[in-house]
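Please open the structure in your viewer and keep the sequence panel visible. The tour below proceeds by selection, with a description of what is found at each stop.

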Amino acid sequence: MVAVETLYQWIGGRGSLPPPWLAAVLPRSIFLTVRFTPLRPYQNLSRPFIWFVFTLLRSKYLSALQTVTNYFSCEKKMICSCYSSGISYSVPIPLNSQGISSANCSIKSHQKSFFLGQKHITKVSYISNQRLYLRSNRAKIYATNARESWDIGRFLKTLFFFNGPPNPLKFVESLIGKVASEEIKEVPKKMEYSGITLVTGATGGVGRRVVDLLRNKGAPVRILVRNEEKARSMFGPDIDLIIGDVTKKETLNPEYFEGVKKVINAVSVIVGPKEGDTPDRQKYSQGIKFFEPEIKGDPPEKVEYIGMQNLINAVTNKVGLRDGKLLFGFEVNLCGKFIWGALDDVVMGGVSESSFQILPTGSESGGPTGLFKGVVSTSNNGGFTSIRTKNFSEPEDLSAYDGIEIRLKGDGKRYKLILRTSYEWDTVGYTAIFDTVKDQWQTVKVPFESLKPIFRAKTLFDAPKFDPSNITALQLMFSKFEYDGKLNPTFKEGPFELPFSTIKTYINEPIKPRFVHVSSAGVTRPDRPGLDLTKQPPAVRMNKELGSILTYKLKGEDVIRESGIPYAIIRPCALTEEPAGADLIFDQGDNITGKVAREEIARICIASLESPYACGKTFEVKSTVPFSEPFVVDPTNPPKEKDYEVYFKTLKEGITGKEALEKGVPAPV
C-alpha cells in the first residue's frame, strides 16, 4: 500500500523524480516532456507519466517496461513537443555513458519533465532561456527523430469510450496488481451440458411415455410440471424437474432452462367426462368418443394459445432460430443495438487509425450497410486496427447456435473475428481468422469450434473453454500479426475498407426440429366451409361447447410457425391406450380421421428430433386399424420397430390445412 501511495503522489505531480524503488526496475532510460490539457475533474492524471501508466496496464510482466522505454528512447537526441519558453531541463552529456539519452526541452510552468533511469542519476543541470526545436501540439508526443507522433488524445478517447473515466486511486491499484501478477485471472469454467431435452406436460398420457423412452435411451431429460409430488411418484425422486405453469409466465424462470437444447411439448387442455371419471381416468383414456366431454381446469385460450406464447418466449433463446439470430444488420433497426468504437494500436503507441461508419446505400441491394475502414501503419512498432462493440448491457446467449456468419464485401485481405466472454478490458479474446475475396460480396462462416483463446497475439492453452452463452462484445480486426509469431500474409500498410451488412448466428445444416409439439387432428375443420359436421369427431362438432378448443390449438400452432424456431407439429387423431406397432398413415392438410396409440405418438416425437425431414412440417397421424377393431400385440411375435424416416421423407413444408380456409374451398375429409 505504501508503494501505491508513493506512485500516486508522483503521478499527482508532488515529486519531480520517481521514487527509487520504481526507477530501479526500469531497464533503460526514458525522458518525457509533454504538454497536456488538464482533464478536469481528473486533473491529477494530467501528467507526462500517464502514458507510462496506461501502457503498463496492458503489460503482463515487468519486461513490458522495456517496450515503454523503447518508444521514447533514442541513441542521439529526443525531440519533445513543447509549447512556449520557460524553464529548460537538460540532461548532461556524460550520462550517455550510462545508457541515458540527452535531451533539451522548453516547457511552461504547469508542465513537468521526468527523467527515469535504471542507475544512479547524475545531477541534472538547469538551463534557462534556451529553446530546442519547438513544436506546438496539445495532444501528441514526438519521440525520436525516426518515429511518428503518438496521439495521446485519441488514446485517452479510446480508453474512455470502452471503460469510462478512470478512478485515479483504483487505476493505480490496478497498475500495481498488473505488475505483481504473472498470470491473468482465469474465468471460472461453467458447468457443461450435453444437451437436455425438456418435456412439458410430462405427467400426461403422451408426456410420461416420452420421458420413459428418453430415460431408457440414457438421454438427459428435464420435465416441467405443476405438481411435484405427482411427478416424483411417477418418475422417482431423482428426476430432474422444474415446477412451473405455462399459463403463468412468471413461473418460467430463464434459469430453469439452462442447458436445454430441445423441447417436446405435450401440454394440453384437460378434457374429461361430465359425469366424472375413475381415479386412473379410464374413461378419458378411451377417448372423448365414449363420453360426454367438458373442459376441466384452465380454458383452451389460456392453455393452448397464451400458454404457447409463454413457453415459446421462455425457450427460444435455448433452442435457437432456424435462420439464426441477427446481431448486426438493418432489419428492424438492429444496427443501433450495439455501439461500435475504434480500438487501434494507439493503445500501444502506434499511429494506425480506423472507424466504424454507416453507408446509406452501400449494401448489395442499395440499402444501408456497416463499414470498417481505416489506415494501418507499422510505425512505432504498431500494425493493427480494429472496431469493437462496447460491452453489452446483458450478455448474449448464443449457445443454441454453431457459429457466426458475416455478410461482407471483401478486399482480398485476411481479418480476425474476436468474441469476448468477459467484461474486463484487457483479457482473452476467442479469435478466428477469415479470408476475403476482393470486390465480391460473400458469406463468411466462423464455427464456434474454430475459435482460439488469444491474449496479445498468443494462444492461451490453459484458458477457459469458450462459453457461447456469455458473449459480452464483438470485434473485427485487421492486423499485421496473426498469433504465436505468425504474420498475416495479406497485410499491407495503407488504407483499407471492409463493408459488412449483417452479423448473425447460424445452425449447421441439415437443421433438425428443436421444438416438437403434440397438437390434434381437426384444428382447421370447425370453420371449414361446406363441411358436414355430423360426420366429424366429437371435438370438431363440439368445438364451441368446449371453449373453442380446436380454434385455440390452431392459434397455438401458428405461434410456433411464426416464431422462427426449428419445429415439427404432430397432429394425432383420437388417442388410445393401445400398444404401438400398428401400420400408420401420415397425411397433411388436416383431412383424416381415425385413432392412434399414445405410445406411437411418443415414439414419433423422439424420432422427429433427429430427422431433418420433419423440420418445418405439420402432419397428421393415424393407424390403419379401424375404430371398431382393437389392436393387440402378440408377445411372442412383437412388431418390428418402425423407421419413421420413411414417413418423414414424404412430408412437405407449407401444408397445414389452413389453405382451405384461406381459399374458401372445402377440402375432402
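Select Gly 382, which sits in the loop that links β17 (369-376) and β18 (384-389); the model shown here is a predicted one. Is Gly 382 buried or exposed? Its relative accessibility is 3%, and because the cut-off for burial is under 20%, Gly 382 counts as buried.

Next, display the surroundings of Gly 382. Apart from neighbours within four places in sequence, the residues in contact with Gly 382 are Asp 345, Gly 350, Ser 377 and Phe 481. Phe 481 lies 99 residues from Gly 382 along the chain, and their C-alpha atoms are separated by 9.9 Å.

Now move to the open sheet of eight strands. Its order is β10-β9-β8-β11-β27-β28-β32-β30, and the pairing is mixed. Colour β10 (241-243) and β30 (584-587) to mark the edges, where each strand pairs on one side only. On average, neighbouring strands of this sheet are turned by 20° against each other, direction ignored.

Within the sheet, select β8 (residues 196-200) together with β11 (residues 260-265): these two strands pair in the parallel sense over five bridges. Which residue of β11 is the bridge partner of Thr 197? The partner is Lys 262.

Finally, add two helices. Helix α8 (residues 228-235) lies across β9 (221-225) and β10, and runs at about 165° to β10. Helix α12 (residues 549-563) lies across β27 (515-518), β28 (567-572) and β32 (617-623), with a direction at about 160° to β28.

Note on methods: Residues numbered from 1 in each chain as written. Predicted model: local features only at pLDDT ≥ 70, side-chain atom pairs only at ≥ 80, totals over all residues. Heavy atoms only, no water. Pairing = 2+ DSSP bridges. Helix = DSSP H or I, 4+ residues; strand = E, 2+ residues; numbered from the N terminus. Axes fitted to C-alpha atoms, helices over the stretch in contact; angles between N-to-C directions. Contact = heavy atoms within 4.5 Å. Buried < 20%, exposed > 50% of the residue type's maximum accessible area, 1.4 Å probe, protein only.
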